[in-house]
Amino acid sequence: MRALVYRGPKDVAVEDVPDARIERPTDALVKVTATNICGSDLHMYEGRTDVEQGKVLGHENMGQVIEVGSAVDRVKVGDWVVLPFNIGCGFCKNCESGHTGFCLTANPGSAGAAYGYADMGPYAGGQAELLRVPWADWNALVLPDDAEEKQLDYVMLSDILPTGWHGTELAAVSPGDSVVVYGAGPVGLMAALSAQVKGADQVFVVDHQPDRLALAAKLGATPVDDSQGDGVDQVLEATRGEGADKGVEAVGYQAHDASGKEEPGLTINSLIAAVRPTGRIGVVGVFVPEDPNAATDLAKKGQFAFDFGTFFFKGQAMGTGQANVKQYNRGLRNLIHAGKVHPGQIVSQEMDLDQAVEGYKNFDDRLDGWTKVVLHP
Ligand SMILES: NC(=O)c1ccc[n+]([C@@H]2O[C@H](COP(=O)([O-])OP(=O)(O)OC[C@H]3O[C@@H](n4cnc5c(N)ncnc54)[C@H](O)[C@@H]3O)[C@@H](O)[C@H]2O)c1
Ligand SMILES: [Zn+2]
Ligand SMILES: [Zn+2]
């Protein structure tokens, strides 16, 4: 089958690899019809993880089931399914409590597994013609009969919509809250959308990419361009000096200033400043325990100066981590089916799998207008 393979920093290729197949009775095999490039893939693409050469990438996948193992009961051949990027077993302590992003079975020795991702287990990704889905009855979300027609919406259930939602859950966004989101990438935009579904009164989205900020405005948020003055000051000014009630971090450890200089603590410390006393902050941007190619010795160890004094003094709280996609995807699927949310509206490019190399390059360069790339194998 054709698949997008990691070769080295800024080096990916579409190649022929052995077909994905049923390996265990609980597996299903999916013909991938839509698979996205994610900001998380860029951490690998840029050589900022230890992902192995030859790995098939792609964790945001949907498609049609073409074969099921002998122990699969619920999912049927012909079903349209979307797969959470996290792979869970369904029976470990964390899966049982809904923390499917931290499955203790799927990636032994660690907590959490995913398709096609560094340190997330041996699973191949779905930027390929075929995808093996482990524990298919547990992991596959079956889609209604508008699956094919609303593909660009439903494929966002694999990651960014539930992840944006998770950010607002970690921040405990409630009706009437003001919310500040750092990052107007796909995840930040989905956090802004989620906050509005939850009844937020005003949502600020901070970034320095004008095209992405324009999308934030289109989604009903207030764009804050921090290349035109400190984002924190702008949020404080718009909230009578109080700060926003809640905050979401959707940038991660490669946070940088408008000139491109990286500083991993930049967004976290800005959120501590921009959120009001007793406010909550949800961190879904990825941070890593080791980052050997970082600019400073501290950052190489995944550490940075955290403004804990202010955080404590303001009585704030913070929640972090991978999104437990399965906790939210069923309800969010129903909102898409009912026409109440349209996450696919942020898709900027649809491409063939064979064009994926160009897709990675342009998305990584954050070329104007390249917000979210969907590949159709
Ligand atoms: N927790 C999870 O389960 C989960 C799931 C998916 C993605 N992620 C992570 O979420 C983050 C965002 O993903 P994405 O796909 O939107 O990525 P992206 O790279 O497309 O977007 C990140 C955005 O952050 C902006 N940015 C950079 N520095 C900034 C700063 N100092 N202030 C404000 N904005 C800044 C960039 O301009 C960019 O628009 C990544 O770290 C990704 O790995 C986490
Ligand atoms: Zn993703
Ligand atoms: Zn589990």
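The exercises below, each with a worked solution, concern a predicted model of a protein chain.

**Exercise 1. Overall build**

Determine how many helices and strands the protein chain has, and how its radius of gyration compares with the globule rule.

Solution.
- Step 1. The protein chain contains 13 helices and 15 strands.
- Step 2. Its radius of gyration is 20 Å, and the globule rule gives 21 Å for 377 residues. These values are close, so the chain is as compact as a globular protein of that length.
- Step 3. Along the principal axes, the C-alpha atoms occupy a box of roughly 60 × 45 × 40 Å.
- Step 4. Of the 377 residues, 53% count as buried.
- Step 5. Take the contacts between residues at least 6 apart in sequence: 71% of them join residues at least 24 apart.

**Exercise 2. Two helices that pack**

Decide how helices α5 and α12 are oriented to each other, and which residues meet.

Solution.
- Step 1. Locate the helices: α5 covers residues 160–170 and α12 covers residues 325–337.
- Step 2. Their axes are 9 Å apart and form an angle of about 110°.
- Step 3. Angles of 65 to 115 degrees count as roughly perpendicular. The two helices, α5 and α12, are therefore roughly perpendicular to each other.
- Step 4. From α5, Leu-161, Pro-162, Trp-165 and His-166 take part in the contact. From α12, the partners are Val-325, Tyr-328, Asn-329 and Leu-332.
- Step 5. Sorted by type, the residues of this contact are six nonpolar, two polar and no charged.

**Exercise 3. The buried side of α7**

Find which residues of α7 are buried, and what covers them.

Solution.
- Step 1. Helix α7 spans residues 210–218, and its residues Arg-212, Leu-213, Leu-215 and Ala-216 are buried.
- Step 2. Viewed down the axis of α7, the buried residues lie within an arc of 155°, so they line one face of the helix.
- Step 3. The cover over these residues includes α6 (186–197), β9 (202–207) and β10 (222–225).
- Step 4. Just after α7 comes Gly-220, with a positive phi of about 100°.

**Exercise 4. Helix α8 and the loop after it**

State which residues of α8 are buried, and whether Gly-243 is buried or exposed.

Solution.
- Step 1. In α8, the residues Gly-231, Val-232, Gln-234 and Val-235 are buried.
- Step 2. Down the helix axis, the buried residues of α8 fall within an arc of 165°, so they line one face.
- Step 3. They pack against β8 (178–182), β9, β10, β11 and α9 (266–274).
- Step 4. Arg-240 follows α8 and has a positive phi, near 55°.
- Step 5. Gly-243 sits in the loop between α8 (231–238) and β11 (244–249). It counts as buried because 24 C-beta neighbours lie inside 10 Å.
- Step 6. Not counting residues up to four places away in sequence, Gly-243 touches residues including Val-235, Leu-236 and Val-275.
- Step 7. Gly-243 and Ala-273 are 30 residues apart in sequence, with their C-alpha atoms 7.7 Å apart.

**Exercise 5. A loop residue and its partners**

Work out where Val-51 lies and which residues it is in contact with, leaving aside neighbours within four places in sequence.

Solution.
- Step 1. Val-51 belongs to the loop between α1 (39–45) and β4 (61–68).
- Step 2. A residue is buried if 20 or more other C-beta atoms lie within 10 Å of its own. Val-51 has 20 such neighbours, so it counts as buried.
- Step 3. Its contacts, with those neighbours in sequence left aside, are Tyr-6, Met-44 and Ala-118.
- Step 4. Val-51 and Ala-118 are 67 residues apart in sequence, while their C-alpha atoms are 4.4 Å apart in space.

Definitions and conventions
Residues are numbered from 1 along each chain as its sequence is written. Chains are lettered from A and ligands numbered from 1 in the order in which they are written. This is a predicted model: local features need pLDDT of at least 70, side-chain atom pairs count only at pLDDT 80 or more; totals for chains, interfaces and linings use all residues. Axes are lines fitted to C-alpha atoms, for helices over the stretch in contact, and angles run from 0 to 180 degrees between N-to-C directions. Angles under 35 degrees count as roughly parallel, over 145 as roughly antiparallel, 65 to 115 as roughly perpendicular and the rest as oblique. Two residues are in contact if their C-beta atoms, placed from the backbone, lie within 7 Å. Ala, Val, Leu, Ile, Met, Phe, Trp, Tyr, Cys and Pro count as nonpolar, Asp, Glu, Lys and Arg as charged, and the others, Gly among them, as polar. A residue is buried if 20 or more other C-beta atoms lie within 10 Å of its own, exposed if 12 or fewer, and partly exposed in between; C-beta atoms are placed from the backbone. The arc is that of the directions from the helix axis to the C-beta atoms. The radius of gyration is taken over C-alpha atoms; the globule rule is 2.2 Å times the number of residues to the power 0.38.
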